[in-house]
Amino acid sequence: MIHNPDHFSSKIQYEHSPFFDPLQQQQRMQQLFCPVLSMFKQGIDSGVFKPLPIPLLMTLSLDLLPLLVQKHQRGYINLDPVTSEAAIKASWDAIKQSTAE
């Protein structure tokens, strides 16, 4: 996303346009992200992930990426390798059980 700012901007604009249908998007996400949803469910069931609703786990782990990229593009955050690694670790810490490493 950092290296393709036009793709990122188009996604954000679409999601904030009157053409964006949250129900249709939810259905599409369930189809496209079936493996990801299964991974989160399996992670909850096995005790790796916190027992939170899957949409919350997705937000804390995956959905933050576009916001970080946007802040990087606007100069609020410098996503150098060290900062990127820290963001990944913080995201992981937000969703994993304290006993899961």
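## Ser91 and the α4–α5 packing

Ser91 touches Leu60 and Ser61, leaving aside residues up to four places away in sequence; contact means heavy atoms within 4.5 Å. This is a predicted model: local features need pLDDT of at least 70, side-chain atom pairs count only at pLDDT 80 or more, and totals for chains, interfaces and linings use all residues. Residues are numbered from 1 along each chain as its sequence is written, and side-chain values use heavy atoms, without hydrogens and water.

**Exercise 1.** Place Ser91 in the fold and classify its burial.

*Solution.*
- Step 1. The protein has five helices and zero strands. Helices (H or I, at least four residues) and strands (E, at least two) are DSSP runs, numbered from the N terminus.
- Step 2. Ser91 lies in helix α5, residues 81–95.
- Step 3. Ser91 has 14% relative accessibility and therefore counts as buried. Buried is under 20% relative accessible area, exposed over 50%, partly exposed in between (1.4 Å probe, protein chains only).

**Exercise 2.** Describe how α4 packs on α5.

*Solution.*
- Step 1. Take the geometry: α4 (residues 54–73) and α5 pack at about 155°, with axes 8 Å apart. Axes are lines fitted to C-alpha atoms over the stretch in contact, and angles run from 0 to 180 degrees between N-to-C directions.
- Step 2. α4 and α5 are therefore roughly antiparallel, the term for angles over 145 degrees.
- Step 3. List the residues: α4 contributes Leu57, Leu60, Ser61 and Leu68, and α5 contributes Ala87, Ser91, Ala94 and Ile95.
- Step 4. Sort by class: six are nonpolar, two polar and none charged.

How values were computed: Parallel < 35°, antiparallel > 145°, perpendicular 65-115°, else oblique. Nonpolar A, V, L, I, M, F, W, Y, C, P; charged D, E, K, R; others polar.
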